[in-house]
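Let's take a slow walk through this protein chain together. Have a look at the picture first, and then we'll start with one term you'll need.

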Amino acid sequence: MEVPTTSWDSLRKQARKLEAQLDEQMNAYRKLVSTNLSTKGDAAQSDVESWIERLIKQLQQVNSQMQAWVSSGGSDMVSHTLTRHQEILQDITQEFYRLRSSLRAKQEHASLLDDFKEFDRTRLDLEEGGESEQHTLLKENASISRNTGHMDGVISQAQATLGALVFQRSTFGGINSKLSNVSSRLPTVNNILSAIKRKKSMDTLILSLVASVCTFLILIYWITK
């Protein structure tokens, strides 16, 4: 087993120093996250994040060296001390990533708000300019988009109905085939078979009607798209 070359007291001092520096930087980062309202990170934010990440890596290295001491036969007190430093590192790391994610989310939200405000300003400019050609094109495009979405919904419903009717037709076809075999032995079921055939004819008529409507809607959809 590899014997640690750095003394335990020296490693503890390094760990405490790094933890103190991280605590200071994390306080600054918390303030930055709570007050930052910009849409993108600035140099100060980047510097703080880079410094915290560097300190975390250094503390991880020190903890690894302390782990080597414990593995080489350290006492229970040494093991307890290492566990405490590992918990501190874990807490700092988790909070840093949580704060950074929160900051990114705030910046993305602010960016979306800016985009919306810019779009709203552009819309107002178009409205103030009257029925200009560009404004008219925008209105027509919006109308076409709404109609297209509505048409897509109608076509989807029609296709679903058509699929259900096709499945129903195939089901009745199988039943009809089995009943035909039975009718050769039991003539008394002819009345039932006649009723089923009438139902099948009605289903065929409905299926043909739905298919025609779907074809017509699809034709209109491709013409208007």
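A residue counts as buried when its relative accessible area is under 20%, as exposed when that area is over 50%, and as partly exposed in between. Try that out on Arg104, a residue in helix H3. Its relative accessible area is 31%, so Arg104 is partly exposed. Ser102 sits in helix H3 too, and because its relative accessible area is 32%, Ser102 also ends up partly exposed. Now compare His85, another residue of helix H3: its relative accessible area is just 5%, so His85 counts as buried.

Before going further, keep in mind that this is a predicted model. How confident is the predictor? The average pLDDT of the chain is 75, and 56% of the residues score at least 70. That confidence isn't spread evenly: H1 has the highest mean, at 94, while helix H4 (residues 133-183) has the lowest, at 55. We'll spend our time on the first three helices.

Now zoom out. What is the chain built from? It has 5 helices and 0 strands, so to speak an α-α-α-α-α string when you read the elements from the N terminus. Of the 225 residues in the chain, 24% are buried. The surface that the chain exposes comes to about 15700 Å², and carbon and sulfur atoms supply 58% of that.

Let's begin with H1. It has 28 residues and spans 41 Å from its first C-alpha to its last, close to the 40 Å expected at 1.5 Å a residue. UniProt, in an unreviewed entry, puts a "coiled-coil region" at residues 8-35, and in the model that stretch is 100% helix. Which residues of H1 are buried? They are Trp8, Leu11, Ala15, Leu18, Glu19, Leu22, Gln25, Met26, Tyr29, Leu32 and Val33. Look at how those numbers step along, and then recall a general rule. An α-helix has 3.6 residues a turn, so residues three or four places apart point the same way.

H2 comes next, with 29 residues. From first C-alpha to last, H2 reaches 42 Å, close to the 42 Å expected at 1.5 Å a residue. The buried residues of H2 include Gln45, Glu49, Ile52, Asn63 and Met66. After H2 comes Gly73, with a positive phi near 115°.

So where do the helices meet? The largest nonpolar core has 25 residues, and Leu22, Tyr29, Ile52 and Met66 are the ones with the most contacts inside it. Helix H1 (8-35), helix H2 (43-71) and helix H3 (76-128) each supply at least two residues of this core, with H1 giving the most, at 9 residues. There's a general pattern behind this kind of thing. In soluble globular proteins, nonpolar side chains tend to be buried together.

Met66 is a nice place to see the packing up close. Not counting residues up to four places away in sequence, Met66 touches Trp8, Leu11, Arg12, Ala15, Leu82 and His85. And what does His85 touch, leaving aside its neighbours within four places in sequence? His85 is in contact with Arg12, Ala15, Arg16, Glu19, Asn63 and Met66.

Finally, come back to the two partly exposed residues we started with. Arg104 and Val33 are 71 residues apart in sequence, yet their C-alpha atoms are 9.3 Å apart in space. For Ser102 and Val33, 69 residues apart along the chain, the C-alpha separation is 7.7 Å. With neighbours within four places in sequence left aside, Arg104 is in contact with Gln45 and Glu49. Pairs far apart in sequence turn up across the chain: among contacts with a separation of 6 or more, 78% are between residues 24 or more positions apart.

Key
Residues are numbered from 1 along each chain as its sequence is written. This is a predicted model: local features need pLDDT of at least 70, side-chain atom pairs count only at pLDDT 80 or more; totals for chains, interfaces and linings use all residues. Side-chain values use heavy atoms; hydrogens and water are left out. A nonpolar core is a set of buried Ala, Val, Leu, Ile, Met, Phe, Trp, Tyr and Cys residues joined through side-chain atoms within 4.5 Å. Buried means under 20% relative accessible area, exposed over 50%, partly exposed in between (1.4 Å probe, protein chains only). Helices (H or I, at least four residues) and strands (E, at least two) are DSSP runs, numbered from the N terminus. Contact means heavy atoms within 4.5 Å. UniProt positions are given in the numbering used here, feature names are shortened, and annotations may be inferred rather than shown by experiment. Accessible areas come from the Shrake-Rupley method with a 1.4 Å probe; for residues, only the protein chains shown count as cover. pLDDT is the predictor's confidence in each residue, from 0 to 100. The expected span of a helix is 1.5 Å times one less than its number of residues.
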